[in-house]
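Here's a quick briefing to read alongside the model. Have the viewer open and click along as you go.

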Amino acid sequence: AVAVDVVAKAASAAIPSEAGRAAGYLEAEASVNAAVRGIPGICGYFGEMTAEGERYLIFERVRPLGGGDGAATSCADLLQTASSWPITPREVLRQLLCTLSGLHAAGYLHRDIKLENLLLDCSGRGSGAAAASPPAVVSAGAEPCIPSVTLVDFGSAVSVEGCDLFARMFQGCQLDSTSAPCSELYSAPESFADPEHPFSFDVFSAGICFLRLSWPAALRTDEALSEFRDQLAAAGGDLERWMRIRLHATVLRDDWLSGLSSFPGNDPAALALVRAMLQADPAARPSADALLAHPFLRPGRLGGEEVA
């Protein structure tokens, strides 16, 4: 027998009146995780158990990068606390798109792609999509590793069969804070998953994740990201137009200016990719598969340079 390190998840409600909704999310998560089990990059799911009248979902545990028994390290943790990162934003995006390719091929939307739901795993068990580039840095005293990006939290996930026009009329795919715990900071501009192009919702959220990791000096705080989202909407959802407006402004915020060297605009391929992902029109966003074939993500390319 092989011992497997696991973690249990129960329904969690901040207030008693939300208990029913929390149980509904747990039910959705159990159903979707059972359906997508085995897709690379999705946290291992072993089923459920009941203890003392409480229902628990059992997942493979992702330990923190530094080891120990603490909470797993998410990309949000890196953004807020790390001065050096063990993985590049490009590699995070590549692995996430590989996972979304498998998830979408199985007919499911995640609907809550955000940095908090992207865990970094150095266990070497291969739960995530295989890393293609070396780590950017290694923490002092730690063994070198190439983290796998593991996607978690499927409480908002839905089958595309639930996103048809009929379901949309009855709010079956509504994406707001009253019907699903999707973060408004990462959600696509459309209020519903578009029934003709439902997978583009996840693509937009992945683009926000990549942009935030690529420009941490400017987008580290939720307030800064919210301001950027408002300005992007005012620019018609066109990232290049937003850049022209902001960079020709009389005064550019100091934190935005200080981080400009890391903004994807310094790399034409990166800018073209993220601009396509953040299009306001769902029909204009490329699929995960199409994005994986983009020059910026092709093998042998690291950042804006070709690697021999």
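Of the 308 residues in the protein chain, 46% count as buried. Keep in mind that this is a predicted model. The chain holds 11 helices and 10 strands, and its accessible surface comes to about 14,400 Å².

**Whole chain**

- Carbon and sulfur atoms own 55% of that accessible surface.
- Take the contacts with a separation of 6 or more: 69% of them are between residues 24 or more positions apart.

**The S2-S3 hairpin**

- Strand S2 covers residues 45-51 and strand S3 covers residues 54-60; the two pair in the antiparallel sense, over six bridges.
- Together S2 and S3 make a hairpin, with two residues between them.
- Glu52 sits in the turn and has a positive phi of about 55°.
- If you want a spot to check the register, look at Ala51, which stands opposite Glu54 in S3.
- The hairpin also carries an aromatic pair, Tyr45 with Phe59, where Tyr45 belongs to strand S2 and Phe59 to strand S3, 14 residues apart.
- The Tyr45 and Phe59 rings are 5.2 Å apart centre to centre with 45° between the planes, which makes the pair tilted.
- Both rings belong to residues hidden from solvent: Tyr45 is buried at a relative accessible area of 5%, and Phe59 is buried too, at 7%.

**The three-stranded sheet**

- Here you'll find an open sheet of three strands in the order S4-S6-S7, with antiparallel pairing.
- In general, strands of a sheet pair through backbone hydrogen bonds, either parallel or antiparallel.
- Strand S4 (73-74) and strand S7 (148-151) are the edge strands, each pairing on one side only.
- Strand S6 (residues 118-121) is joined to S7 by four bridges in the antiparallel sense.
- One of the bridge partnerships to look up is Leu120 with Val149 in S7.
- Helix H3 (residues 89-105) packs on the sheet and touches S6 and S7.
- The direction of helix H3 makes about 45° with that of S7.

**Nonpolar cores**

- The largest nonpolar core has 58 residues.
- Inside this core, the residues with the most contacts are Leu100, Leu115, Leu118 and Phe228.
- Helix H5 (residues 200-214) supplies the largest share of the core, nine residues.
- There is also a second, separate core of 10 residues, whose members include Leu26, Cys43, Val62 and Val152.

**Phe228, Trp242 and the ring cluster**

- How many aromatic pairs does a search of the whole structure find? The search turns up four.
- Phe228 lies in helix H7 (residues 222-234) and Trp242 in helix H8, so their pair ties together parts 14 residues apart in sequence.
- The ring centres of Phe228 and Trp242 are 5.1 Å apart and the planes meet at 80°, so this pair is edge-to-face.
- Ring pairs also bring in Trp215, giving a cluster of Trp215, Phe228 and Trp242.
- Is Phe228 buried or exposed? Phe228 is buried, at 0% relative accessibility.
- Trp242 is likewise buried, at 2% relative accessibility.
- Setting aside neighbours within four places in sequence, Phe228 is in contact with Ile208, Leu211, Leu219, Leu239 and Trp242.

**Two more buried residues to click on**

- Met243 is part of helix H8 (residues 239-247).
- With a relative accessible area of 12%, Met243 falls under the 20% cut-off, so it counts as buried.
- The C-alpha atoms of Met243 and Leu232 are separated by 9.2 Å, and the two residues are 11 residues apart along the chain.
- Gly41 is found in the loop between helix H1 (19-36) and S2.
- Despite its place in a loop, Gly41 counts as buried, with 0% relative accessibility.
- Gly41 and Leu100 are 59 residues apart along the chain, with 8.6 Å separating their C-alpha atoms.
- Leu100 is a name you've met already: it is among the residues with the most contacts inside the largest nonpolar core.

How values were computed
Residues numbered from 1 in each chain as written. Predicted model: local features only at pLDDT ≥ 70, side-chain atom pairs only at ≥ 80, totals over all residues. Heavy atoms only, no water. Pairing = 2+ DSSP bridges. Buried < 20%, exposed > 50% of the residue type's maximum accessible area, 1.4 Å probe, protein only. Core = buried A, V, L, I, M, F, W, Y, C linked by side-chain atoms within 4.5 Å. Contact = heavy atoms within 4.5 Å. Phe/Tyr/Trp six-rings, centres within 6.5 Å; stacked < 30°, edge-to-face > 60°. Areas by Shrake-Rupley, 256 points an atom, 1.4 Å probe, with all protein chains shown as cover. Axes fitted to C-alpha atoms, helices over the stretch in contact; angles between N-to-C directions.
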